[in-house]
Amino acid sequence: MKAAPFHFHQPATLAELAGLLTSLSNARILAGGQSLVAMLNLRLVTPDHLVDINKIADLATLRQTGGTIEIGAMVRQHTLLHAPLIAQHLPVLVEALGHVGHMQTRSRGTIGGSCCHLDPSAELPAMCALLDAAFTVNGARGRRIVPASDWFAGLMQAALAEDEFLESISITPWSGKHGYGFAEYARRHGDYAIVGAGALLEADGEGTIKRAALVLFGCDTAPQRLPQAEAALVGTRAANIDFAGLAAAARAQEMMSDAQVTAAYRARLAGIMMHRAVKAAQGRLNKERP
Amino acid sequence: MTAMLTLTVNGRDMSAAAPANMHLGDFLRHVLGLTGTHMGCEHGVCGSCTVIVDGQPVRACLMLARQAQGARIETVEGLAQDGRLSPLQAAFRDHHALQCGFCTPGMLMTLTALLRDVPNPGESEIRAAISGNICRCTGYQGIVEAALAVATRNEASTS
Ligand code: FES
Ligand code: FES
């Protein structure tokens, strides 16, 4: 099928974009387009106005300011996958990126697009939840920062008003010797995961865990952090992680059911993926990275 | 809603009008008459429409023609030079890497992009690169062998 007609806008600055979003109705923002253009072609969405933000250079910056990595909404997945800054500080993101779509979709797909589209099985929003990212939102009414814990407003619904846009995502890296793990199960490489998991661990010189973060995705409408299991890890020896307990905690999370995948199967996968992610994080803890 | 576009396709400057809702694949085929780029699913899952835009492989069905203003596009029509197949195209013929040929332009453009970035990829890199391209005929084996043959030749010529 072909996209229904729409008016096409290509703002060059953040101010122009903010102005357009205030004045247009039934408008959609076009970022990398790897989900939206497919939805347009299938006429699943029929906006009157399409606002292409690919020409706004201010949205495509990737930089380190102080201890924080700031990723512009329009930074491409391909760029992130090959950026030394990301490899050094956010290795779990690099590992997740290898599972995002394919070479041809990563060339155009952006981190901001993934985080606004919010497919429940998407890897990048889940990694933002895992890393406690902060979302900088902008618009004619000004800037505001939304913590990851408030970003997921509902199924495929980010905490953005119609006149707002995502400007950048800020992430504070964990210490240099943190352990990280990522695991997902998908029917084919590059598909959205059925279920995936991510884990971060930090330990002191004696091997006692000081900080832990765990996330599941593909299970419910939005990525799920496991605060109780995280708290239980803190203070335990990394060598004595209770993997069976972690897998049970993962299985006990809220699970959706759909035509292809039952809740029971998702729960089973959740236990296995969580086990694999934490195991990988444990193995990398306090290791020098190449 | 129609606007004039100027862009470079296979090294030639071109200019033509495109409606806002036309994707790059239809623009190449129906407006520029370059029918080598094949449209399969038109929603980003089959990879048959892959072209190279500013050096990067992209799905032509997931990019609007208007977004290609000023871009440098390479399509399968640009691979052969002076009537001679590119090394990858020749390897496709030698290794039976195609039957019906529907997926072939997308496979060629994807692997051409890969081989520029990584001149000597291994089998797993090749398989990962074409994981976004569906072939209903070959079982992929011949395609992988063709790409490996070019990779091996590249290695021999650099060592
Ligand atoms: S036609 Fe573009 S991916 Fe299938
Ligand atoms: S050769 Fe027929 S689909 Fe690949």
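In the predicted model, helix α3 of chain B (residues 104–117) packs against helix α5 of chain B (residues 141–158) at an angle of about 30°, and the two axes lie 11 Å apart. Because angles under 35 degrees count as roughly parallel, this angle makes α3(B) roughly parallel to α5(B). The crossing in which α3(B) passes α5(B) is right-handed. On the side of α3(B), the contact is formed by B:M107, B:L111 and B:L115, and α5(B) contributes B:I143, B:A147, B:V150, B:A151 and B:N154. The residues of this contact comprise 7 nonpolar and 1 polar, with no charged residue. An α-helix has 3.6 residues a turn, so residues three or four places apart point the same way.

A second helix pair is found in chain A, where helix α11 (residues 243–251) and helix α12 (residues 263–284) pack at an angle of about 135°, with 8 Å between their axes. The two helices α11(A) and α12(A) are therefore oblique to each other. Their crossing is right-handed. From α11(A), the contact draws on A:F243, A:L246, A:A247, A:A250 and A:R251, while the residues supplied by α12(A) are A:A267, A:R268, A:A270, A:G271, A:M274, A:H275, A:V278, A:K279 and A:Q282. By class, the contact of α11(A) with α12(A) divides into 8 nonpolar, 3 polar and 3 charged residues.

Chain A also contains an open sheet of 3 strands, arranged in the order β1-β3-β2 with parallel pairing. Strands β1 (7–9) and β2 (27–30) of chain A occupy the edges, each with a single partner strand, so one side of each has no neighbour in the sheet. On average, neighbouring strands of this sheet are turned by 25° against each other, direction ignored. Strand β2(A) runs parallel to strand β3 (residues 49–52) of chain A and is joined to that strand by 4 bridges. Within this pairing, A:A27 has A:H49 of β3(A) as its bridge partner.

In chain B, strand β3 (residues 50–53) and strand β4 (residues 56–59) pair in the antiparallel sense over 4 bridges. B:V53 stands opposite B:Q56 of β4(B). The hairpin of β3(B) and β4(B) has 2 residues between the strands, and B:D54 in this hairpin takes a positive phi near 50°. A positive phi also occurs in chain A, at A:D132 just after α8(A), with a value of about 50°.

Helix α8 of chain A (residues 123–130) is mostly covered, with 8 of its 8 residues buried. The buried residues include A:E123, A:M127 and A:C128. Two of the residues of this helix, A:E123 and A:M127, are touched by A:A96, which also touches A:F182 when residues up to four places away in sequence are not counted. A:A96 belongs to helix α5 (residues 91–97) of chain A. With a relative accessible area of 0%, A:A96 is buried. The C-alpha atoms of A:A96 and A:A73 are 17 Å apart in space, and the two residues are separated by 23 residues in sequence.

A contact between the chains is found at B:D26, a residue of helix α1 (residues 24–31) of chain B. Because its relative accessibility is 6%, B:D26 counts as buried. Apart from neighbours within four places in sequence, B:D26 is in contact with A:K2 of chain A and with B:V31, B:M39 and B:E42 of chain B.

Notes: Residues are numbered from 1 along each chain as its sequence is written. Chains are lettered from A and ligands numbered from 1 in the order in which they are written. This is a predicted model: local features need pLDDT of at least 70, side-chain atom pairs count only at pLDDT 80 or more; totals for chains, interfaces and linings use all residues. Side-chain values use heavy atoms; hydrogens and water are left out. Buried means under 20% relative accessible area, exposed over 50%, partly exposed in between (1.4 Å probe, protein chains only). Contact means heavy atoms within 4.5 Å. Axes are lines fitted to C-alpha atoms, for helices over the stretch in contact, and angles run from 0 to 180 degrees between N-to-C directions. Angles under 35 degrees count as roughly parallel, over 145 as roughly antiparallel, 65 to 115 as roughly perpendicular and the rest as oblique. A crossing is left-handed if the near helix is turned anticlockwise from the far one by less than a right angle, and right-handed if clockwise. Ala, Val, Leu, Ile, Met, Phe, Trp, Tyr, Cys and Pro count as nonpolar, Asp, Glu, Lys and Arg as charged, and the others, Gly among them, as polar. Two strands pair if DSSP finds at least two bridges between them.
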